[in-house]
Amino acid sequence: MGIRIVIADDQAMVRAGLRMVVDSDPGMEVVGEAADGREAIAVARRTRPDIVLMDISMPRLDGLSAAKELLDTPSPPKVITLTTFDTDENLYAALRAGTSGFLLKVSPPEQLLEAIRVVHSGDGLLDPAVTRRVIATFAGRAEPTPSPRLAELTPRELEVLRLLARGLTNAEIARDLYVGEATVKTHVARVLMKLSLRDRAQAVVFAYESGVVRPGAA
């Protein structure tokens, strides 16, 4: 089965363009469309997609609020937020809402398709260098709050979380720790499970806000 996708945007032409891009990939299928946040939630609950492409600015209910509500349900889809504004505030707000990716609407089609594949696989972040910079900037405004869930991690898993929060890929973490990439994937999966996190994007936010890594750390 292909990757099932819902497109939520208040502009019909934008939805048509996104559908055209998604439909160009034989491994993906658009299963629904929505013109506002409320409709996006209803369509996603009805069609149960793997991914929701969610515009940030929409009537009735904005994309970030819709994402929060949708992600707070059992077995939620992953959400990629779309915007015309490349601002740190939007990116941080999207990640704090629990979304798994962030893309500009002007991104080339191949970048959108790759973003969908990456988020669906759960193996990486979108533009991890930018993501890490933004999280460090905003998380650094408040004193970190250590989480009791950290006690559940082994020393190696904590080390993997630190490296993950620096924006390293599985291959880069494997090189740093002198282990196989498959071993890293196992560690990452266990970290996400023990911390009750959805994906790597949430893990990066968690690492900064709980003080595992500090803004400006190498």
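A search of the whole structure, which is a predicted model, finds 12 salt bridges. Side chains of opposite charge can pair when their charged atoms come close. Three of these pairs are described below, followed by the surroundings of selected residues and the overall form of the chain.

One salt bridge joins E69 and R45, with the closest N and O atoms 4.0 Å apart. This pair connects distant parts of the chain: E69 belongs to helix α3 (residues 63-71) and R45 to helix α2 (residues 37-47), with their positions 24 residues apart in the numbering. E69 is partly exposed, because its relative accessibility of 29% lies above the 20% limit for burial and does not exceed 50%. R45 is likewise partly exposed, with a relative accessible area of 47%.

A second salt bridge is formed by K105 and D55, whose closest N and O atoms are 3.3 Å apart. The two residues are 50 apart in the chain, K105 being in the loop between β5 (101-104) and α5 (109-121) and D55 in strand β3 (residues 51-55). K105 is partly exposed at 25% relative accessibility. D55, by contrast, counts as buried because its relative accessibility is 4%, and burial requires a value under 20%.

The third pair consists of K194 and E157, which meet in a salt bridge with an N to O distance of 2.8 Å. Here helix α9 (residues 181-194), which contains K194, is linked to helix α7, which contains E157, across 37 residues of the chain. K194 is partly exposed, with 22% relative accessibility, whereas E157 is buried, with a relative accessible area of 2%. Salt bridges that share partners also join D9, D55 and K105 into one network.

D55 is also marked in a database record. The unreviewed UniProt entry places the feature "modified residue: 4-aspartylphosphate" at D55. Apart from neighbours within four places in sequence, D55 is in contact with A8, D9, D10, G63, L82, T83 and K105. The contacts of D55 thus include both D9 and K105, the residues that share its salt-bridge network.

T83, one of the residues in contact with D55, is found in strand β4 (residues 78-83). At 3% relative accessibility, T83 counts as buried. When neighbours within four places in sequence are set aside, T83 touches D55, I56, N90, F102, L103, L104 and K105. Both D55 and K105, the partners of the second salt bridge, therefore appear among the contacts of T83.

The unreviewed UniProt entry also lists a "domain: HTH luxR-type" at residues 146-211. Over residues 146-211, the chain is 65% helix and 0% strand. The C-alpha atoms at the two ends of this segment are 6 Å apart. Helix α7 comprises residues 155-165, and its buried residues are E157, V160, L161, L163, L164 and A165. E157 is thus a buried residue of this helix and the salt-bridge partner of K194. Just after α7, G167 adopts a positive phi of about 90°.

Positive phi values also occur at residues other than glycine. Y178 has a positive phi of about 60° although it is not a glycine. Y178 lies in the loop between α8 (170-177) and α9, and it is exposed, with a relative accessible area of 76%. R48, in the loop between α2 and β3, has a positive phi near 50° and is also not a glycine. R48 is exposed as well, with a relative accessible area of 53%.

Considered as a whole, the protein chain has 10 helices and five strands. Its radius of gyration is 17 Å, close to the 17 Å that the globule rule gives for 218 residues, so the chain is as compact as a globular protein of that length. Along the principal axes, the C-alpha atoms of the protein chain fill a box of roughly 50 × 35 × 30 Å. Buried residues account for 50% of the 218 residues. Of the contacts between residues at least 6 apart in sequence, 65% join residues at least 24 apart. The protein chain exposes about 10400 Å², of which carbon and sulfur atoms supply 53%.

Technical notes. Residues are numbered from 1 along each chain as its sequence is written. This is a predicted model: local features need pLDDT of at least 70, side-chain atom pairs count only at pLDDT 80 or more; totals for chains, interfaces and linings use all residues. Side-chain values use heavy atoms; hydrogens and water are left out. UniProt positions are given in the numbering used here, feature names are shortened, and annotations may be inferred rather than shown by experiment. Helices (H or I, at least four residues) and strands (E, at least two) are DSSP runs, numbered from the N terminus. Buried means under 20% relative accessible area, exposed over 50%, partly exposed in between (1.4 Å probe, protein chains only). A salt bridge is a side-chain nitrogen of Lys or Arg within 4 Å of a carboxyl oxygen of Asp or Glu. Contact means heavy atoms within 4.5 Å. The radius of gyration is taken over C-alpha atoms; the globule rule is 2.2 Å times the number of residues to the power 0.38. Accessible areas come from the Shrake-Rupley method with a 1.4 Å probe; for residues, only the protein chains shown count as cover.
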